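Hi,

Here is the structure I promised to pass on. Have a look at it first, and my notes follow below.

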Amino acid sequence: MRNRGRVRPFAEVMEAAIELPPARRRVLEAVEGMGEPATVAEVANSLGVHVSTVRTHLGALVSAGLVRTAERRQGERGRPARVYAPRAADPGRVHQSLISLVNTGLERVGAAESYEIGRAWGAEERRRELGGAADATGQQVVTILARLGFDPVWESESAVHIRSCPLGHRSPEEDQNLWELHRGLFAGLLGRSQDTFRFRPDDPRGGCTVDFGPWE
């Protein structure tokens with residue numbers, strides 16, 4: 001299949017996704033849920049709406065850099081069908097672009113509010129994963145982190161190596177707001193005091209390490 005569409009920086013793609021109107025977001029979610037590149041008709045059928053409506057939204061999503069197009073041949077003859085799939089971000093650029101985007105927003109609110117934003121984020125992810133549980137174990141936190149794309153690996157019963165860590169090689173003095181956001185994230189995930197863990201950036205293997213404190 002031949003891919004089409006300009007590759008956009010991840011920060012631009014994220015901003016575009018945030019600003020999507022509800023109908024267009026539903027089309028994007030349908031494309032993401034198809035499991036493989038799909039035609040306009042297949043996406044429209046999954047949503048139960050008219051093909052022309054979906055075609056308009058897909059065109060806008062391609063222009064926004066959120067969806068890519070390709071061609072799928074269905075035999076030796078005939079024109080190939082155009083199919084649509086979510087555009088995967090370049091893994092090597094995701095975190096740097098995300099850090100830049102997040103820091104821009106966090107500068108407006110300061111460290112304390114950044115922590116509260118992270119805590120609310122973590123608490124929501126914990127409720128989503130654990131069905132309203134008041135707190136989470138270290139293993140459960142690692143499961144949630146894996147779903148969020150942090151690529152965690154258990155090092156021991158009390159330490160986790162996060163291979164895709166936005167805090168890698170960054171000190172609290174460099175990015176205080178970002179540190180507070182992630183400190184709040186872990187506090188929200190754990191459902192307990194932020195004193196039950198600590199970050200260790202600059203892991204020589206890349207990323208960072210999180211040490212969990214006593215659970216009792």
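**What I found**

The protein chain has an accessible surface of about 12,100 Å², and 49% of that belongs to carbon and sulfur atoms. Keep in mind that this is a predicted model. The chain counts 216 residues, and 40% of them are buried.

On the fold: there are eight helices and six strands in the protein chain. Going from the N terminus, the order of elements is α-α-α-α-β-β-α-α-α-β-β-α-β-β. If you take the contacts with a separation of 6 or more, 55% of them are between residues 24 or more positions apart.

The part I spent time on is helix α7, which covers residues 138-148. Which of its residues are buried? They are Gly138, Val141, Val142, Ile144 and Leu145. Looking down the axis of α7, these buried residues stay within an arc of 165°, so they line one face of the helix. As for what lies over them, the cover includes helices α6 (111-130) and α8, along with strands β3 (152-156), β4 (159-162) and β6 (208-212). Right after α7 comes Gly149, with a positive phi of about 95°.

Then there is the pairing of α7 with α6. Two packed helices are described by the angle between their axes and by the distance between those axes. Here the axes of α6 and α7 come within 10 Å and cross at roughly 100°. That makes α6 roughly perpendicular to α7, because angles of 65 to 115 degrees count that way. Sorted by class, the contact of these two helices holds five charged, four nonpolar and two polar residues. On the α6 side you will find Trp121, Glu125, Arg126, Arg128, Glu129 and Leu130. They meet Gln140, Thr143, Ile144, Arg147 and Leu148 of α7. Ile144 turns up twice, then: it is one of the buried residues of α7 and also part of the contact with α6.

One more residue to click on is Glu180, which sits in helix α8 (residues 176-190). Is Glu180 buried or exposed? Its relative accessible area is 16%, so Glu180 is buried, the cut-off being under 20%. Leaving aside residues up to four places away in sequence, Glu180 touches Ala111, Ser114 and Tyr115. Ala111 belongs to a helix you have already met, since α6 runs over 111-130.

That's the lot from me. Shout if anything is unclear.

Cheers

How values were computed:
Residues numbered from 1 in each chain as written. Predicted model: local features only at pLDDT ≥ 70, side-chain atom pairs only at ≥ 80, totals over all residues. Heavy atoms only, no water. Helix = DSSP H or I, 4+ residues; strand = E, 2+ residues; numbered from the N terminus. Buried < 20%, exposed > 50% of the residue type's maximum accessible area, 1.4 Å probe, protein only. Contact = heavy atoms within 4.5 Å. Areas by Shrake-Rupley, 256 points an atom, 1.4 Å probe, with all protein chains shown as cover. Arc of directions from axis to C-beta. Axes fitted to C-alpha atoms, helices over the stretch in contact; angles between N-to-C directions. Parallel < 35°, antiparallel > 145°, perpendicular 65-115°, else oblique. Nonpolar A, V, L, I, M, F, W, Y, C, P; charged D, E, K, R; others polar.
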